Amino acid sequence: TAATNLAVACLYSKQLNKATSALETLIRGAPIESMTYAVVFNLCTLYDLQGPDGNAKKRMMQALARKYAPEDFDMAACKL
C-alpha cells in the first residue's frame with residue numbers, strides 16, 4: 001500500500017516517528033481492511049526500534065488485532 005511504501009521510505013531516511021505514524025494512520029483509518037500480517041509486523045518492528053515503550057505499544061496492537069483482524073490472523077506478527 002502507499003502507507004507501507006511511505007513508512008519504508010521514512011525508515012530509510014531515518015524518520016522513525018513519521019514511518020510509525022504512517023502505519024498507525026492506515027490502521028486507524030481502516031482497521032478491518034488494513035489489519036494484515038505485513039502491516040502489523042512492520043509496525044511492531046518500528047515499535048521495537050523506538051525503545052522501551054515498544055512492548056506496551058505492541059500489546060495495544062495485539063488487542064486491536066484481536067478485535068479487527070480475521071479469525072486466522074497470525075498473532076506472531078505482534079512480536080510478543
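Lys14 counts as exposed, at 79% relative accessibility. Its place is the loop between α1 and α2, and its phi is near 65°, a positive value in a residue other than glycine. Please keep in mind that this is a predicted model. From that loop, the tour below goes to α1, then to α4 and two of the buried residues around it, and ends with the largest pocket.

**Positive phi angles**

- Lys14 follows α1.
- Lys79 also has a positive phi, of about 60°, although it is not a glycine.
- Lys79 lies in the segment after α5, and with a relative accessible area of 28% it is partly exposed.
- Gly51 comes just after α4 and takes a positive phi of about 120°.

**Helix α1**

- Which residues of α1 are buried? They are Ala3, Thr4, Ala7 and Cys10.
- These residues sit on the same side of α1, because they cover an arc of only 125° around the axis.
- On the face turned away from that buried side, α1 carries the exposed residues Ala2, Asn5 and Tyr12.
- The cover over the buried residues of α1 includes α2 and α4.

**Helix α4**

- Helix α4 runs over residues 37-50, which makes 14 residues.
- From its first C-alpha to its last, α4 reaches 20 Å, close to the 20 Å expected at 1.5 Å a residue.
- Val39, Val40, Leu43, Cys44, Leu46 and Tyr47 are buried in α4.
- Why do they lie on the same side of α4? They cover an arc of only 155° around the axis, and this puts them there.
- The packing partners of these buried residues are α1 (2-12), α2 (16-29), α3 (31-34) and α5 (54-68).

**Two buried residues: Thr20 and Cys44**

- Thr20 has its place in helix α2.
- Is Thr20 buried or exposed? Thr20 is buried, because its relative accessible area is 2%, and the cut-off for buried is under 20%.
- Leaving aside residues up to four places away in sequence, Thr20 touches Leu43, Leu46, Tyr47 and Gln50. Among these, Leu43, Leu46 and Tyr47 belong to the buried residues of α4.
- Cys44 is found in helix α4 and is buried, with a relative accessible area of 0%.
- With residues up to four places away in sequence left out again, Cys44 touches Lys58, Met61, Ala77, Cys78 and Lys79. Lys79 is the residue with the positive phi of about 60°.
- Cys44 and Leu64 are 20 residues apart in sequence, while their C-alpha atoms are 12 Å apart in space.

**The largest pocket**

- The largest pocket holds about 160 Å³ of space.
- Its lining is made by Glu24, Ile27, Arg28, Pro31, Met35, Leu43, Tyr47, Lys57, Met60, Met61, Leu64 and Tyr68.
- Which helices each supply at least two residues of this lining? They are α2, α4 and α5.
- The most comes from α5, which gives five residues to the lining.
- By class, the lining has nine nonpolar and three charged residues, and no polar ones.
- Several residues met above return here: Leu43 and Tyr47 are in the lining and also touch Thr20.
- Met61 is likewise a lining residue, and Met61 is one of the residues that Cys44 touches.
- Leu64, the partner of Cys44 in the 12 Å C-alpha separation, is part of the lining too.

Definitions and conventions
Residues are numbered from 1 along each chain as its sequence is written. This is a predicted model: local features need pLDDT of at least 70, side-chain atom pairs count only at pLDDT 80 or more; totals for chains, interfaces and linings use all residues. Side-chain values use heavy atoms; hydrogens and water are left out. Helices (H or I, at least four residues) and strands (E, at least two) are DSSP runs, numbered from the N terminus. The expected span of a helix is 1.5 Å times one less than its number of residues. Buried means under 20% relative accessible area, exposed over 50%, partly exposed in between (1.4 Å probe, protein chains only). The arc is that of the directions from the helix axis to the C-beta atoms. Contact means heavy atoms within 4.5 Å. On a 1 Å grid over the protein atoms alone, a cavity is a set of points where a 1.4 Å probe fits but cannot get out, and a pocket is an open set with protein on both sides within 12 Å along at least five of seven lines; lining residues have an atom within 4 Å of a point. Grid points are joined across faces, edges and corners, and a volume is the space filled by probe spheres set on the points. Ala, Val, Leu, Ile, Met, Phe, Trp, Tyr, Cys and Pro count as nonpolar, Asp, Glu, Lys and Arg as charged, and the others, Gly among them, as polar.
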